[in-house]
Amino acid sequence: MDLGIQGKTAVITASSGGMGRNIAHALAAEGANVVLFARSADKLQAVADEIREKYGVRAIAVPGDMLAQPDVARLRQTVGAELGGPDILILNTGRAPNPLRATLDETDEARWTQAYQNQLWSVIQVATELVPAMLGRGWGRIIAVTSASVKQPMPHHSLSTVFRAGVGTYVKHLANEVGHAGITANCVAPALIDTPHRSGQGAYTPEQTAAREKLTPLGRMGSQDEVCGVVAFLASRQAGFVTGSSINVEGGMVGAIF
């Protein structure tokens, strides 16, 4: 299927590794030019180089912090100067502070502040700067990566879930306000996604992996490629009548009918 995004410009935040990097690859594979934004300049440039070499599209690395307004303004200016402006905006963020704790054990105000800034305020700041640059282009896609835990809360995830739910609400408001300009705004809500290179404090033990696999009717973890495929579809021409939605990618874990 031709997704109709060849030559479009996609901005992907937190794209020096992990899900952000994989989303950038998925969009570049469909012919989109990509602008990568993250704090690690060396890692970001390496991703840009590999995308440019593999897909033959333009790939621009813009080092910066989603929480630093001058960096976000520079991102907007670079996209405009180099590629004429953004068509697709992928709002991806990092995780909540480790270690995860039970809700009543989350008593440290600094951890709540960090989670708010990294997962909600960072999204708002980037969208506030870049979405106005999309309004005059007659077409656009805004996609935020959240979590299926906003629909079915998972144990010890309150620090993340509270603010990812806020992202979903914010994106719903955006959908209502930018639709007149031909722009859709949606969320992708993954859970139980396998991360083969996960290490350190965030690593799953074999027992944890087996327990997670039992949470889905499919009896397995999902892949990052499967999440990226849903993101790519929402960025496509064919998804033009999907807006204000949150699409689960969680193998059926969420128990709600709708």
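Is glycine 251 buried, partly exposed or exposed? Before the answer, one note: this is a predicted model.

Glycine 251 counts as partly exposed, because its relative accessibility is 28%, and the partly exposed class runs between 20% and 50%. On the chain, glycine 251 sits in the segment that follows strand 7, which covers 246–249. If we set aside neighbours within four places in sequence, glycine 251 has contacts with Thr216, Pro217 and Leu218. Lysine 43 is 208 residues from glycine 251 along the chain, and their C-alpha atoms are 31 Å apart.

Next, glutamate 129. This residue belongs to helix 4, residues 109–134. Glutamate 129 counts as buried, because its relative accessibility is 15%, and buried means under 20%. Which residues does glutamate 129 touch, not counting those up to four places away in sequence? They are Gln69, Val72, Ala73 and Arg76.

Last, the cysteines. A disulfide is a covalent bond between the sulfur atoms of two cysteines. How many disulfides does a search of the whole structure find? The search finds zero. Cysteine 187, for one, is in no disulfide, and the nearest cysteine sulfur, in cysteine 228, is 16 Å away. Seen from the other side, the sulfur of cysteine 228 has that of cysteine 187 as its closest cysteine sulfur, at 16 Å, which is too far for a bond. The cut-off for a disulfide is a pair of sulfur atoms within 2.5 Å.

Are these cysteines buried or exposed? Cysteine 187 is buried, with a relative accessible area of 2%. Cysteine 228 is buried too, at 3%.

How values were computed
Residues are numbered from 1 along each chain as its sequence is written. This is a predicted model: local features need pLDDT of at least 70, side-chain atom pairs count only at pLDDT 80 or more; totals for chains, interfaces and linings use all residues. Side-chain values use heavy atoms; hydrogens and water are left out. Buried means under 20% relative accessible area, exposed over 50%, partly exposed in between (1.4 Å probe, protein chains only). Helices (H or I, at least four residues) and strands (E, at least two) are DSSP runs, numbered from the N terminus. Contact means heavy atoms within 4.5 Å.
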